[in-house]
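Q: Got a minute to go through this one with me? I'd like to start with the helix packing and then move to the sheet.

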Amino acid sequence: MIEQPLLSVRHLTTEFHLSDKQVARALEDVSFDVLPGQTLGLVGESGCGKTTVLMSIMRLLPASGRITAGTVHFKGTDLFTLTEREMRSHRWKDMAIVFQGAMNALNPVVRVGDQIREAILLHNLMDRDAAEKRVSELLEMVGIQRQRRDQYPHQYSGGMRQRAMIAMALSCNPQMLIADEPTTALDVTIQAQILELMKHLQDELGMAIMMITHNLGVVAEMCSRVAVMYMGKVVETGEVSSIFHKPLHPYTIGLMRSIPHLGQRVKERLAPIPGSVPDPYSIPQGCAFAPRCPAKKLPGCKLEVPLMEVEPGHFVRCTLYQDQAASETAGS
């Protein structure tokens, strides 16, 4: 029996309109699934559209952002057909977010415990006394003593603020947690603690996680599947073991070559990807990675190429694999 996805994103396209003439396509034809209890990693350089995926799914785009195509289904419900009031009932209760930079996400003039309680009361999950008890339980769950409940965010360390954000995200027992760079700006010791906490809570609560990050080490430790993004498109997706051991897209190969391997003597310098992410207002025709690509340029590099299944469960968007994908399709 095929398990139905908890979250299903299909052909999502998002644009930002700064003026009538200035339009930046932040996402184009983004598709992926997240199964119940699964952890999907969304990776890529800064500016590749990872956070825009989150903001589009949750319908939290700024006024200049517009979703121009695609669908997002959560447990079979098309989120783009809901009213704003209906959508608010899904946020935090069904899908919760751990934002990047907890100090900016938490209200600096409201006690941490009160902020967590507010999310619980907003969804009418319990009365005020029960909500107070739930706040204490959540703080202890993430390793914060309950007597720190009445302190303000600035009285917490960076790691504690991140833990408080996780507690707030878990306050309504969501079925899915979307974590946007949850360990950025934390030292490696606190980062390891936060990741271990998230894995423990996932095992305990059975929730799915979408991990948005540029840290491939985090992906290797936390995720079962990964989607690699470049300039608003998913260029490769598959099981973590498959992507890490046999990357196919030249961009993914470049990312893997730039990872230091602890415990191994490095004979050569790490190979950075040359160039930089192009201007979103002047994306090259066809493959946006072509100007930086070390592979031999082909005529198909100037054309739009869909995601193709080259190996079972392993998809890539690159003209280098069109013949292989076609033969796999014909063989099946």
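Q: At what angle do helix 4 and helix 6 pack?
A: About 20°, with the axes 9 Å apart. Helix 4 covers residues 112–122 and helix 6 covers residues 158–169. Bear in mind that this is a predicted model.

Q: What does that make helix 4 relative to helix 6, roughly parallel or roughly antiparallel?
A: Roughly parallel, because angles under 35 degrees count as that.

Q: And the crossing, left-handed or right-handed?
A: Helix 4 passes helix 6 in a right-handed crossing.

Q: Which residues make the contact?
A: On helix 4, Val-112, Gln-115 and Ile-116. On helix 6, Ala-164, Ala-167 and Met-168.

Q: How do the residues of that contact divide into nonpolar, polar and charged?
A: Five are nonpolar and one is polar. None is charged.

Q: OK, the sheet. What is the strand order?
A: It runs 6-7-8-3-9-10-12-11. That is an open sheet of eight strands with mixed pairing.

Q: Which strands stand at the edges?
A: Strand 6 (95–98) and strand 11 (308–311). Each has a single partner strand, so one side of each lacks a neighbour in the sheet.

Q: What is the average twist?
A: It averages 20° from one strand to the next.

Q: Back to strand 6. How does it pair with strand 7?
A: In the parallel sense, over four bridges. Strand 7 is residues 176–180. The bridge partner of Ala-96 there is Leu-177.

Q: And how many bridges link strand 7 to strand 8?
A: Five, again in the parallel sense. Met-176 has Ala-208 of strand 8 as its bridge partner.

Q: What about strand 3 with strand 8?
A: They pair in the parallel sense over four bridges. Leu-40 has Met-210 of strand 8 as its bridge partner.

Q: Is strand 8 mostly covered or mostly open?
A: Mostly covered: five of its five residues are buried.

Q: Which residues are on which side?
A: Ala-208, Met-210 and Ile-212 are on one side, Ile-209 and Met-211 on the other. Both faces are covered. In a regular strand the side chains alternate between the two faces of the sheet.

Q: Which strands does helix 1 lie across?
A: Helix 1 (residues 50–57) lies across strands 3, 6, 7, 8 and 9. Its angle to strand 8 is about 140°.

Q: And helix 10, which strands does it lie across?
A: Helix 10 (residues 250–257) lies across strand 9 and strand 10 (233–239). Helix 10 runs at about 110° to strand 9.

Conventions:
Residues are numbered from 1 along each chain as its sequence is written. This is a predicted model: local features need pLDDT of at least 70, side-chain atom pairs count only at pLDDT 80 or more; totals for chains, interfaces and linings use all residues. Side-chain values use heavy atoms; hydrogens and water are left out. Axes are lines fitted to C-alpha atoms, for helices over the stretch in contact, and angles run from 0 to 180 degrees between N-to-C directions. Helices (H or I, at least four residues) and strands (E, at least two) are DSSP runs, numbered from the N terminus. Angles under 35 degrees count as roughly parallel, over 145 as roughly antiparallel, 65 to 115 as roughly perpendicular and the rest as oblique. A crossing is left-handed if the near helix is turned anticlockwise from the far one by less than a right angle, and right-handed if clockwise. Contact means heavy atoms within 4.5 Å. Ala, Val, Leu, Ile, Met, Phe, Trp, Tyr, Cys and Pro count as nonpolar, Asp, Glu, Lys and Arg as charged, and the others, Gly among them, as polar. Two strands pair if DSSP finds at least two bridges between them. Buried means under 20% relative accessible area, exposed over 50%, partly exposed in between (1.4 Å probe, protein chains only).
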